[in-house]
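Good morning, everyone, and thank you for making the time. Let me put the structure up, and then I will walk through the ligand site and the packing of the chain.

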Amino acid sequence: MLNGFTSIFNLLNARLSRRIALWVFISIVVVEALILLPSAYRRERELIQHLEDVGVASISPLLRLCGSQITAPKIHQVAQQLMLESRVEGGHVYTEEGEAIAYFGEVPELNFNHVKNSPSVRFRSRDGNRYEMSMWTEAQGKPYLVIVRLDSSQISQEIKAFIIRIFGLVILICIFVTLATLAALAPAVIAPILKLRKALIAVGESPGAFTGDLDCLALAKNRRDELGEVLIDFNRMNHQINRYFKEIQESKKELENLVAEVESARDQSEKLLLNILPYTIAQQLKQGVYPIAESFPNATVLFADLVGFTQLSTEVPAVEVVELLNKIFSIFDQLAQQYAVEKIKTIGDAYMVVGGVPQPHPDCTQAIAQMALDMQREVRQLAAETGIPLTIRIGINNGPVVAGVIGIKKFIYDLWGDTVNTASRMESHGIPGQIQVSEVTYFLLRDRFQFESRGTINVKGKGMMKTYLLLGWKDEPTAELKLTTSSSIGSVDAASGIHGP
Ligand SMILES: Nc1ncnc2c1ncn2[C@@H]1O[C@H](COP(=O)(O)OP(=O)(O)OP(=O)(O)O)[C@@H](O)[C@H]1O
């Protein structure tokens with residue numbers, strides 16, 4: 001019950017209801033006002049006419065009752081009686097020539113001069129309480145002009161009462177018609193519109209959420225009007241929105257999958273690129289810096305060659321040889337990462353690595369020396385495990401290099417310069433199972449590492465050179481002295497995707 005009243009109140013309190021009510025109310029008031037004014041005027045005319053009739057009925061016997069004595073005292077006497085019996089408040093009697101014969105009661109504002117040329121004149125006082133009229137009448141065979149002043153105050157009161165009565169009626173009619181209109185419109189128009197508005201807001205706030213028919217559709221049933229069509233159309237539109245929304249969601253999902261695929265492909269290619277080129281070089285190439293050739297004053301270059309591998313290739317299938325080579329070079333790659341030095345490339349069964357390029361290194365010579373010793377140890381261990389007679393020959397040299405990327409295809413980060421040539425020669429002129437270093441490198445490492453002088457050898461293209469064989473650490477290195485940057489061998493290299501043995 002209470003809910004019913006609340007919902008009716010809500011309906012009537014809706015802005016649309018209030019607007020309709022206001023318009024209906026104003027319209028009726030205007031219509032009634034248009035009717036009321038002429039009827040009030042007509043009513044006033046009727047009352048005046050009645051008063052005039054009273055006036056005529058009073059004037060006519062005035063002179064007749066005087067008989068043959070048309071004198072002031074007689075007229076006065078008859079008029080006094082007349083005033084008592086009727087609404088006459090005063091008057092004048094004039095001869096045809098305009099001579100005033102008699103006055104009685106209140107003095108009228110009209111006089112002979114005002115009315116002499118007219119058969120009859122009417123005048124109403126400003127406050128509406130007095131009404132004056134003139135009339136020619138005959139007595140004793142002579143014409144007389146009589147002007148009487150009548151009490152018309154009742155007319156004003158009656159008109160006022162008439163207007164108040166009609167106005168009250170109009171207000172009652174207005175209220176009744178307005179409420180009746182609202183009562184008729186509320187369920188038929190306002191309720192569906194409010195429900196439609198609610199549905200519109202809900203659909204607007206969360207499009208795609210309302211998948212079935214909307215609640216407001218129920219109101220469209222059994223309706224054959226435009227509002228019913230709007231409700232049906234809106235429901236249809238919501239279905240379309242749902243369809244489009246679903247399509248958009250699916251497209252979004254597809255797009256997200258595509259973006260994820262593209263990102264994964266980009267990550268893969270990025271990883272691949274970083275596997276081929278140092279990070280800074282890859283960045284420069286991506287920015288269009290090309291060719292790249294940078295000078296580095298202090299680099300340590302290492303060449304390593306697997307001795308006896310050519311012979312091995314003739315004895316075991318090529319696939320197995322490549323598998324072994326992959327195993328060894330993967331270990332070297334991890335060592336390069338561990339000591340934060342840059343692998344340059346593999347050349348057949350040779351391995352080339354540089355320290356201090358392209359990123360500065362706190363001690364690239366020690367890092368390369370450590371790596372060389374580890375490479376030796378790893379190859380020895382592998383030879384013992386597999387029974388394959390593997391040895392490695394390593395050469396190291398220090399000095400300035402030029403590093404960069406040249407050419408237009410199959411980019412590779414490479415090194416050039418005499419330092420590189422000499423490092424290569426240290427390896428090619430070295431001893432299997434030994435690490436041969438140039439004199440420059442020896443001087444840089446001799447405090448921390450043990451060396452054996454090899455004396456002077458004839459190096460192709462260089463002539464006679466003093467070289468040294470790196471044997472190992474002088475003392476077991478302390479934790480601070482031993483350079484390490486990452487985990488031990490055998491772990492997974494996240495950046496390159498290379499898996500250790
Ligand atoms: N970036 C490099 N990568 C691989 N090996 C290199 C690189 N730079 C130089 N070398 C090697 O260093 C060695 C010495 O080179 P160098 O230019 O002094 O002599 P060469 O090319 O062997 O002989 P030649 O002087 O007759 O041309 C060569 O075996 C060369 O292949």
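Which element gives the largest share of the shell around the ligand? That share, four residues, comes from H12, where helices (H or I, at least four residues) and strands (E, at least two) are DSSP runs, numbered from the N terminus. Please keep in mind that this is a predicted model, in which local features need pLDDT of at least 70 and side-chain atom pairs count only at pLDDT 80 or more, while totals for chains, interfaces and linings use all residues. Residues are numbered from 1 along each chain as its sequence is written.

The residues around the ligand, taken as those whose C-beta atom, placed from the backbone, lies within 6 Å of it, are Ile347, Met352, Asp414, Leu415, Trp416, Val420, Asn421, Ser424, Arg425 and Gly461. Two elements, strand S10 (414-416) and helix H12 (418-428), each give two or more residues to this shell.

Turning to the chain itself, its secondary structure comes to 13 helices and 13 strands, and buried residues (20 or more other C-beta atoms within 10 Å of their own, again placed from the backbone) make up 25% of its 501 residues.

The largest nonpolar core, meaning a set of buried Ala, Val, Leu, Ile, Met, Phe, Trp, Tyr and Cys residues joined through C-beta atoms within 7 Å, has 48 residues, and Leu302, Met371 and Ala372 have the most contacts inside it. Helix H11 (residues 364-386) supplies the largest share of this core, eight residues. A second, separate core of 24 residues includes Val78, Tyr94, Phe104 and Val115.

Key. A residue is buried if 20 or more other C-beta atoms lie within 10 Å of its own, exposed if 12 or fewer, and partly exposed in between; C-beta atoms are placed from the backbone.
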